Structures are given as C-alpha cells and as structure tokens.
Amino acid sequence: MGVTKTDLFTEQQNELAKVSKVLGHPARIAILQHLIQANSCINGDLVQEIGLAQATISQHLRELKEIGIIKGSIEGVSVNYCIDPIRWAEVQNLFQGLFEGFPKVPGCC
C-alpha cells in the first residue's frame, strides 16, 4: 500500500529511476546545460541566467548534488558548482545501457 518495493528491481534499475527523477525537471536540465557550457559557475550566476529565485535554484542544485552529478566548492561566501566528470560518465552509461537494449532493426509490437 504505497510502499515502493525497490528490492524487486536491480540496483541498476533503481539507480536509473532515481537519476531520471532528478533529471525530470526542466530547471535542472537548464542548470546542467549552463554548467556544461560555462564549465563552472556560482549560484548567483545561475539565478541571473535561468531567472528563478535564489531559493529555487538552491533547491535544484541540492537535488543534483544529492545524486552526485554536480559538486561544489566554497569560494568566500559563494559556492562554485561544476559537473562531476566521473559521475557524469556513470549516468551516461546508465542511460546508454537502457537505450542500447532496444533492437536496431525496426519492428512492430
């Protein structure tokens, strides 16, 4: 009754679902795209770039940080964020494994 039975699924399935949930918000995608383009940035820059409130940006950054896609280093009173290249590759492999499972030859259900 409302309890997720994650033990019924593989570790990879659970991890892919967790990452997908975090990536399922357009603001987080915009943050990642900005970090990819800029290589790193400070939280305040994201507020200006994306146009959301500071608290909202911080919440989205926290979600991305919890799954390890981004990391931050403190610089004075600001936090400088960047993409963690090792975790980024792991996430890429998760999705690649899912998409590669589909047959290359078009077929019908």
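This report describes a predicted model of one structure, beginning with its annotated domain and going on to its sheet, its helices and a few single residues.

## The annotated domain

The UniProt record, which is an unreviewed entry, places the feature "domain: HTH arsR-type" at residues 8-106. Over residues 8-106 the chain is 64% helix and 14% strand, and the C-alpha atoms at the two ends of that stretch are 30 Å apart.

## The sheet

Strands of a sheet pair through backbone hydrogen bonds, and they can do so in either a parallel or an antiparallel manner. In this model three strands form an open sheet in the order β1-β3-β2, and the pairing is antiparallel. The edge strands are β1 (41-42) and β2 (70-75), each of which pairs on one side only.

How many bridges join β1 to strand β3? There are two bridges between β1 and β3 (residues 78-83), and these strands run antiparallel. Cysteine 41 has tyrosine 81 of β3 as its bridge partner, while isoleucine 42 stands opposite asparagine 80 in β3. On the other pairing, six bridges join β2 to β3, which also run antiparallel, and here glycine 72 stands opposite tyrosine 81. Tyrosine 81 therefore appears in both pairings, facing cysteine 41 and glycine 72, as the definition of pairing by bridges allows. The hairpin of β2 and β3 has two residues between the strands, and in this hairpin glycine 76 takes a positive phi near 70°.

## Helices on the sheet

Two helices can be described by the way they pack on these strands. Helix α2 (residues 26-38) packs on the sheet and touches β1, β2 and β3, with its direction making about 85° with that of β3. Helix α4 (residues 54-66) also packs on the sheet, where it touches β2 and β3, and its direction makes about 120° with that of β2.

## Where α2 meets α3

Besides packing on the sheet, α2 has a contact with helix α3 (residues 43-50), and the axes of these two helices come within 11 Å and cross at roughly 115°. The crossing in which α2 passes α3 is right-handed. On the α2 side the contact is made by Ala27, Ala30, Ile31 and His34, and on the α3 side by Leu46, Glu49 and Ile50. Sorted by class, the residues of this contact are five nonpolar, one polar and one charged.

## Glycine 68 and an aromatic pair

Glycine 68 is found in the loop between α4 and β2. When residues up to four places away in sequence are not counted, glycine 68 touches Asp84 and Arg87. The C-alpha atoms of glycine 68 and valine 19 are separated by 9.6 Å, although these residues are 49 residues apart along the chain.

A search of the whole structure finds one aromatic pair. Why is the pair of phenylalanine 95 and phenylalanine 99 described as stacked? The ring centres of phenylalanine 95 and phenylalanine 99 are 6.5 Å apart and the ring planes lie at 20°, so the pair is stacked, since planes under 30 degrees apart count as stacked. Both phenylalanine 95 and phenylalanine 99 lie in helix α5 (residues 85-100), where they are four residues apart, which is about one turn of the helix.

Methods:
Residues are numbered from 1 along each chain as its sequence is written. This is a predicted model: local features need pLDDT of at least 70, side-chain atom pairs count only at pLDDT 80 or more; totals for chains, interfaces and linings use all residues. Side-chain values use heavy atoms; hydrogens and water are left out. Contact means heavy atoms within 4.5 Å. Axes are lines fitted to C-alpha atoms, for helices over the stretch in contact, and angles run from 0 to 180 degrees between N-to-C directions. UniProt positions are given in the numbering used here, feature names are shortened, and annotations may be inferred rather than shown by experiment. A crossing is left-handed if the near helix is turned anticlockwise from the far one by less than a right angle, and right-handed if clockwise. Ala, Val, Leu, Ile, Met, Phe, Trp, Tyr, Cys and Pro count as nonpolar, Asp, Glu, Lys and Arg as charged, and the others, Gly among them, as polar. Rings of Phe, Tyr and Trp (its six-membered ring) pair if their centres lie within 6.5 Å; planes under 30 degrees apart count as stacked, over 60 as edge-to-face and the rest as tilted.
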